[in-house]
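Student: I have a new structure to look at, and I'd like to learn where its labels come from. Can we go through some together?

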Amino acid sequence: MDTIGIGAVVVQGMTGHSSLCMLQKYSHSGLDSRQRAIQALTDHILNADRNTGKVVGL
C-alpha cells in the first residue's frame with residue numbers, strides 16, 4: 001500500500017474492512033516487506049544523524 005503511495009486508511013475504506021486490524025489480518029504482509037520497512041527506517045535514522053548530527057522524528 002505505502003509502496004504505491006496509498007495509506008492504510010484509504011485502502012481500509014475501499015475494501016470495506018471494519019478496522020485497520022482486519023485490513024492487517026487480510027493484507028498478508030510478508031517477511032520481505034517487513035525487512036524492507038526495517039531497512040528504510042534504519043536508513044532514514046542513520047542519514048538524518050549524518051546530515052544534522054541529530055536523530056529526527058519520522
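Tutor: Sure, we'll take a few labels and check each one against its cut-off.

Student: What kind of model is this, and what is the mean pLDDT of the protein?

Tutor: It's a predicted model. The mean pLDDT is 75, and 71% of the residues reach 70 or more. Where pLDDT is low, the predicted coordinates should not be read in detail.

Student: Which elements have the lowest and the highest mean pLDDT?

Tutor: Helix H3, residues 31-52, has the lowest at 77, while H1 has the highest at 83.

Student: How many helices and strands are there?

Tutor: Three helices and zero strands. Going along the sequence, you get the pattern α-α-α.

Student: Let's try a residue. Why is glutamine 12 called buried?

Tutor: Its relative accessible area is 15%. Buried means under 20%, so glutamine 12 at 15% gets that label. You'll find glutamine 12 in helix H1.

Student: What does glutamine 12 touch, leaving out residues up to four places away in sequence?

Tutor: His17, Ser18, Ser19, Leu20 and Leu23. They count as touching because contact means heavy atoms within 4.5 Å.

Student: And valine 9, why is that one called exposed?

Tutor: Valine 9 also sits in helix H1, which covers residues 8-15. Its relative accessible area is 59%. The label exposed needs over 50%, so valine 9 at 59% qualifies.

Student: What makes serine 19 partly exposed?

Tutor: Serine 19 has a relative accessible area of 24%. That value is not under 20% and not over 50%, so serine 19 falls in between and is called partly exposed. Look for serine 19 in the loop between H1 and helix H2 (20-27).

Student: How far apart are the C-alpha atoms of valine 9 and serine 19?

Tutor: They're separated by 8.8 Å, and the two residues are 10 residues apart along the chain.

Student: How do you know that methionine 14 counts as exposed?

Tutor: Methionine 14, another residue found in helix H1, has 66% relative accessibility. Over 50% means exposed, so methionine 14 earns the word.

Student: Which residues make the nonpolar surface patch with methionine 14?

Tutor: Ile6 and Val10 join Met14 there, in a patch of about 290 Å².

Student: And for the whole protein, what share of residues counts as buried?

Tutor: Of the 58 residues, 7% do. The protein exposes about 4900 Å², with carbon and sulfur atoms supplying 60% of that area.

Technical notes
Residues are numbered from 1 along each chain as its sequence is written. This is a predicted model: local features need pLDDT of at least 70, side-chain atom pairs count only at pLDDT 80 or more; totals for chains, interfaces and linings use all residues. Side-chain values use heavy atoms; hydrogens and water are left out. Helices (H or I, at least four residues) and strands (E, at least two) are DSSP runs, numbered from the N terminus. Buried means under 20% relative accessible area, exposed over 50%, partly exposed in between (1.4 Å probe, protein chains only). Accessible areas come from the Shrake-Rupley method with a 1.4 Å probe; for residues, only the protein chains shown count as cover. Patches are made of residues with over 30% relative accessible area and no salt bridge: like charges are joined within 9 Å, nonpolar side chains (Val, Leu, Ile, Met, Phe, Trp, Tyr) within 5 Å. A salt bridge is a side-chain nitrogen of Lys or Arg within 4 Å of a carboxyl oxygen of Asp or Glu. pLDDT is the predictor's confidence in each residue, from 0 to 100.
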